[in-house]
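Q: Hi! I'm new to this one and would love a quick tour. Could you pull it up so we can talk it through?

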Amino acid sequence: MTTLKSKLHEDLNAAIKERDELRSSTLRLTLAAITKEEVAGKEKRELSDEEVTKVITREAKKRREAAEAFAQGGRTEQAEREKAEGELLATYLPKQLSDDDLRQIVAQAVEEAKAAGAEGPRAMGQVMKIVNPRVAGQAEGGRVAAVVKELLAG
């Protein structure tokens, strides 16, 4: 078992013993998503820590989007719960890049793409290919894309 997945199991057991309903339900759903990912495809496999992190990131994003939708729908209690679940999952993710750090990485990638002959908004794909491996797990795709567009626009 991967170390991150085993940490989730340990934390789930602790949450159950402490009768922490929010933590236990959130961790159960996350572990179910990890198991679903492991059995997807032709044969069962064990996920690496990197893959488990991607699943947790996806689950945290679902919680953020659900919280926004509930807040817009006037269901503040449900929105607060989704927000709390998202914050709990964020503790298992790597620290997110600050806006300045992200801007610096994207600026370097834009320079590399320009050196390779790509310019203007059409270079977005090339820049994203350079940036994504560098910021994997540390910045959400939408955030990265917004900075890339801004810097390519001039």
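A: Happy to! A good place to begin is a helix pair: α3 passes α4 in a left-handed crossing. Keep in mind that this is a predicted model.

Q: What angle do α3 and α4 pack at, and how far apart are their axes?

A: The angle is about 160°, and the axes of α3 and α4 are 8 Å apart. Angles over 145 degrees count as roughly antiparallel, so α3 and α4 are roughly antiparallel to each other.

Q: Which residues meet there, in α3 and in α4?

A: From α3 there are Ile56, Glu59, Ala60, Arg63, Ala66, Ala67, Phe70 and Ala71. They meet Gln78, Ala79, Glu82, Lys83, Glu85, Gly86 and Leu89 in α4.

Q: And how many of those in the α3 and α4 contact are nonpolar, polar or charged?

A: This contact of α3 with α4 has eight nonpolar residues, two polar ones and five charged ones.

Q: OK, staying with α4 for a moment. At what angle do α2 and α4 cross?

A: Helix α2, residues 21–39, and helix α4, residues 76–90, cross at roughly 65°, and their axes come within 10 Å. The two helices are therefore roughly perpendicular to each other.

Q: Is the crossing of α2 past α4 left-handed or right-handed?

A: Right-handed: that is how α2 passes α4. On the α2 side, the contact is made by Glu21, Leu22, Arg23, Ser25, Thr26 and Thr30. On the α4 side, the residues are Arg81, Ala84, Glu85, Leu88 and Leu89. Sorted by type, the contact of α2 with α4 has four nonpolar, three polar and four charged residues.

Q: Back to α3, then. How do α1 and α3 pack?

A: Helix α1, residues 3–17, packs against α3 at an angle of about 50°, with the axes 7 Å apart. That makes α1 and α3 oblique to each other. Thr3, Leu4, Lys5 and Leu8 of α1 make the contact with Asp49, Val52, Thr53 and Ile56 of α3. Those residues divide into four nonpolar, two polar and two charged.

Q: Let's zoom in on single residues. Where is Glu51 found?

A: Glu51 is in helix α3, residues 49–72. It counts as partly exposed because its relative accessibility is 27%, and partly exposed covers what lies between under 20% and over 50%.

Q: What does Glu51 touch?

A: Setting aside residues up to four places away in sequence, Glu51 touches Arg45 and Glu46. As for Leu22, the C-alpha atoms of Glu51 and Leu22 are separated by 24 Å, with their places 29 residues apart along the chain.

Q: Now a loop. Is Arg19 buried or exposed?

A: Arg19 is exposed, with a relative accessible area of 76%. Its place is in the loop between α1 and α2. Arg19 also has a positive phi, near 60°, and is a residue other than glycine.

Q: How about Val144, buried or exposed?

A: Val144 is buried, with a relative accessible area of 0%. Its place is in helix α7, residues 141–153.

Q: What is Val144 in contact with?

A: Leaving out neighbours within four places in sequence, Val144 is in contact with Leu102, Met128, Val131, Asn132, Val135 and Ala139. Val106 is 38 residues from Val144 along the chain, and their C-alpha atoms are separated by 7.8 Å.

Q: Last thing: what domains is the chain divided into?

A: The chain is divided into domain 1, 3–91, and domain 2, 99–153. The centres of domain 1 and domain 2, taken over C-alpha atoms, are separated by 29 Å.

Definitions and conventions. Residues numbered from 1 in each chain as written. Predicted model: local features only at pLDDT ≥ 70, side-chain atom pairs only at ≥ 80, totals over all residues. Heavy atoms only, no water. Axes fitted to C-alpha atoms, helices over the stretch in contact; angles between N-to-C directions. Helix = DSSP H or I, 4+ residues; strand = E, 2+ residues; numbered from the N terminus. Parallel < 35°, antiparallel > 145°, perpendicular 65-115°, else oblique. Left-handed = near helix turned anticlockwise from the far one by under 90°. Contact = heavy atoms within 4.5 Å. Nonpolar A, V, L, I, M, F, W, Y, C, P; charged D, E, K, R; others polar. Domains from an automatic or database assignment. Buried < 20%, exposed > 50% of the residue type's maximum accessible area, 1.4 Å probe, protein only.
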